[in-house]
Amino acid sequence: MTPANAATPEADAFTRPYWDAAAEGHLLIRRCGDCDRVHHYPREFCPHCWSDDVAWERASGRATLYTWSVVHRNDLPPFGDRTPYTAAVVDLAEGPRMMTEIVECPEAELRIGMELEVAFRRREEDGDGPAVPVFRPPAE
């Protein structure tokens, strides 16, 4: 097993459902039982009304591209081996914004507002470790 690094999230008791769902190809978000708003990144309380009545919910996996930047240099492992890559912010169909990476799409084809779908990437070296959500154009 490859040791953890800056790009390897570590699951704890709270985030375990998120990473388990990702390993099965599902993106989870959190919904507040009091104000009914959703949020991402996962927190144990609602960032809108501060309620602790929040629960995991399966997201649709659909998003639109809000903004992006192509990273040509990054000295932190394993990012340096991936350059260039497209760091992005997407608007999930359910509402929250999410920081991510765009894959399987040349920079010249990126457009603000373009439709995207979630995909999951494991560490390239060995296919081991957590499945990390990334986004790509929808399959035809």
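Which residue's side chain meets that of Arg 97 in a salt bridge? The views below, all taken from a predicted model, begin with this pair.

**View A. The salt bridge of Arg 97 and Asp 91.** The side chain that meets Arg 97 is that of Asp 91, with a distance of 2.6 Å from N to O. Arg 97 has a relative accessible area of 42% and is therefore partly exposed, since the partly exposed class lies between the limits of 20% and 50%. The pair belongs to a structure that holds 7 salt bridges. Side chains of opposite charge can pair when their charged atoms come close.

**View B. A salt bridge between strands S7 and S8.** Glu 117 forms a salt bridge with Arg 136, and the closest N and O atoms of the two are 3.1 Å apart. Because Glu 117 lies in strand S7 and Arg 136 in strand S8, the pair ties together parts that are 19 residues apart in sequence. Arg 136 counts as partly exposed, at 24% relative accessibility.

**View C. The network around Arg 31.** Salt bridges that share partners join Arg 31, Asp 36 and Glu 57 into one network. Within this network, the side chains of Arg 31 and Asp 36 meet at 3.4 Å, taken from N to O. Arg 31 counts as partly exposed at 26% relative accessibility, and its bridge partner in strand S3 is Ala 55. Asp 36 has its place in the loop between S1 and S2, where its phi is near 70°, a positive value in a residue other than glycine.

**View D. Strand S1 and its two neighbours.** Strand S1, which covers residues 28-32, is largely enclosed by the rest of the structure, because 4 of its 5 residues are buried. S1 runs antiparallel to strand S3 (residues 54-58), to which 5 bridges join it, and it also runs antiparallel to strand S2 (residues 38-39), to which it is joined by 2 bridges. On the S2 side, the bridge partner of Arg 30 is His 39. The hairpin of S1 and S2 has 5 residues between the strands, and Asp 36 is the residue that takes a positive phi there.

**View E. The buried face of helix H1.** In helix H1, which spans residues 16-23, Tyr 18, Trp 19, Ala 21 and Ala 22 are buried. Seen down the axis of H1, these buried residues fall within an arc of 160°, so they line one face of the helix. An α-helix has 3.6 residues a turn, so residues three or four places apart point the same way. What covers the buried residues of H1 includes S1 and S3, together with strand S6 (97-102), strand S7 (115-121) and strand S8 (132-136). Gly 25, which follows H1, has a positive phi near 85°.

**View F. Backbone geometry in two loops.** Most residues other than glycine have a negative phi, and most peptide bonds are trans. The peptide bond from His 40 to Tyr 41 is nevertheless cis, with omega near 25°, and Tyr 41 lies in the loop between S2 and S3. Trp 50 is found in the loop between S2 and S3 as well; although it is not a glycine, Trp 50 has a positive phi of about 70°. At 62% relative accessibility, Trp 50 counts as exposed. A cis peptide bond also joins Thr 83 and Pro 84, with omega at about -10°, and Pro 84 lies in the loop between strand S4 (62-71) and strand S5 (85-92).

Methods: Residues numbered from 1 in each chain as written. Predicted model: local features only at pLDDT ≥ 70, side-chain atom pairs only at ≥ 80, totals over all residues. Heavy atoms only, no water. Buried < 20%, exposed > 50% of the residue type's maximum accessible area, 1.4 Å probe, protein only. Pairing = 2+ DSSP bridges. Arc of directions from axis to C-beta. Contact = heavy atoms within 4.5 Å. Salt bridge = Lys/Arg side-chain N within 4 Å of Asp/Glu carboxyl O.
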